[in-house]
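Me: Please take one part of this model and go through it closely. Start from a single residue, then work outward to the packing around it. Keep it brisk.

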Amino acid sequence: AFPARSVSLWSRDNKKRVPGVVVSKVSAQLASARFIGAGALIGLIALITTTSFVSLVFIGPLAPYREVGLAMALFGAAVFAIWGGVAGSLKPLWWGNQSPTIVMVSVAASGIAGTLGDGDPAVLFATVAAFIMLSTFLSGAVLFVLGRLGHAQSAKFIPYPVVGGFLAATGILLILRGAQLV
């Protein structure tokens, strides 16, 4: 028989640890293998979605900077995932990029490229990168303040047709931006 050991597990509401649950060494190893497999799968999905999102933003005159944009996005996704896993209040939650945000960023990047025209591509990239960093910081700060003030619960009062329309428009914009890549 395998020796048993006592470990701490998260409670169902993820607020406290439950000490003293006895598990065998084999079941602990199987659980660890499942967690590693799930982490690898989530990492692969994050890699694929981040790469596709970067392809939507860095098109046209920004295409030469796609590799730099990919490096920035992967670094940001890794920092976001680690920060969410360590400091987040919901431990089993997957932290990753969101398609509605990417649609808005890609539309804004196209607008910046159209405004700056045929100028220096390095200036165009720097402007788009600054926009992405500034909008990321500001949206995070606003959401943090709303959460700290207790206004996060107000999101449940947004009517379903509004949310559905927003998601439908996001899907249409993703299809249109994806069609530009083909």
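Reply: Helices here are DSSP runs of H or I with at least four residues, numbered from the N terminus. By that rule, A46 sits in helix α1. The model is predicted.

How exposed is A46? Its relative accessible area is 22%. Buried would need a value under 20%, and exposed one over 50%, so A46 counts as partly exposed. A81 lies 35 residues away from A46 along the chain. The C-alpha atoms of these two are separated by 9.5 Å.

Helix α1 spans residues 25-57. It also feeds the largest nonpolar core, giving two or more residues to it. Helices α3 and α4 do so as well. This core has 16 residues. Which of them touch the most other members? They are V57, F58, L62, L124, V128 and I132.

F58 merits its own look. Leaving out residues up to four places away in sequence, F58 touches A63, Y65, R66, G69, F125 and I132.

I132 leads on to the next contact, that of α3 with α4. Helix α3 covers residues 99-116, and α4 covers 121-148. Their axes come within 10 Å and cross at roughly 145°. The crossing is right-handed. From α3, the contact uses V105, A108, A109, I112, A113 and L116. From α4, it uses V123, L124, T127, V128, F131 and I132. By class, eleven of these residues are nonpolar, one is polar and none is charged. Threonine is not on the nonpolar or charged list, so T127 is the polar one. L124, V128 and I132 of α4 take part in this contact, and they are also among the core residues that touch the most other members.

Now the wider setting. The chain has five helices and two strands. From the N terminus, the order is β-β-α-α-α-α-α. Of its 182 residues, 18% count as buried. Among contacts with a separation of 6 or more, 50% join residues 24 or more positions apart. The accessible surface comes to about 12,700 Å². Carbon and sulfur atoms account for 73% of that surface.

Methods: Residues are numbered from 1 along each chain as its sequence is written. This is a predicted model: local features need pLDDT of at least 70, side-chain atom pairs count only at pLDDT 80 or more; totals for chains, interfaces and linings use all residues. Side-chain values use heavy atoms; hydrogens and water are left out. Axes are lines fitted to C-alpha atoms, for helices over the stretch in contact, and angles run from 0 to 180 degrees between N-to-C directions. A crossing is left-handed if the near helix is turned anticlockwise from the far one by less than a right angle, and right-handed if clockwise. Contact means heavy atoms within 4.5 Å. A nonpolar core is a set of buried Ala, Val, Leu, Ile, Met, Phe, Trp, Tyr and Cys residues joined through side-chain atoms within 4.5 Å. Buried means under 20% relative accessible area, exposed over 50%, partly exposed in between (1.4 Å probe, protein chains only). Accessible areas come from the Shrake-Rupley method with a 1.4 Å probe; for residues, only the protein chains shown count as cover.
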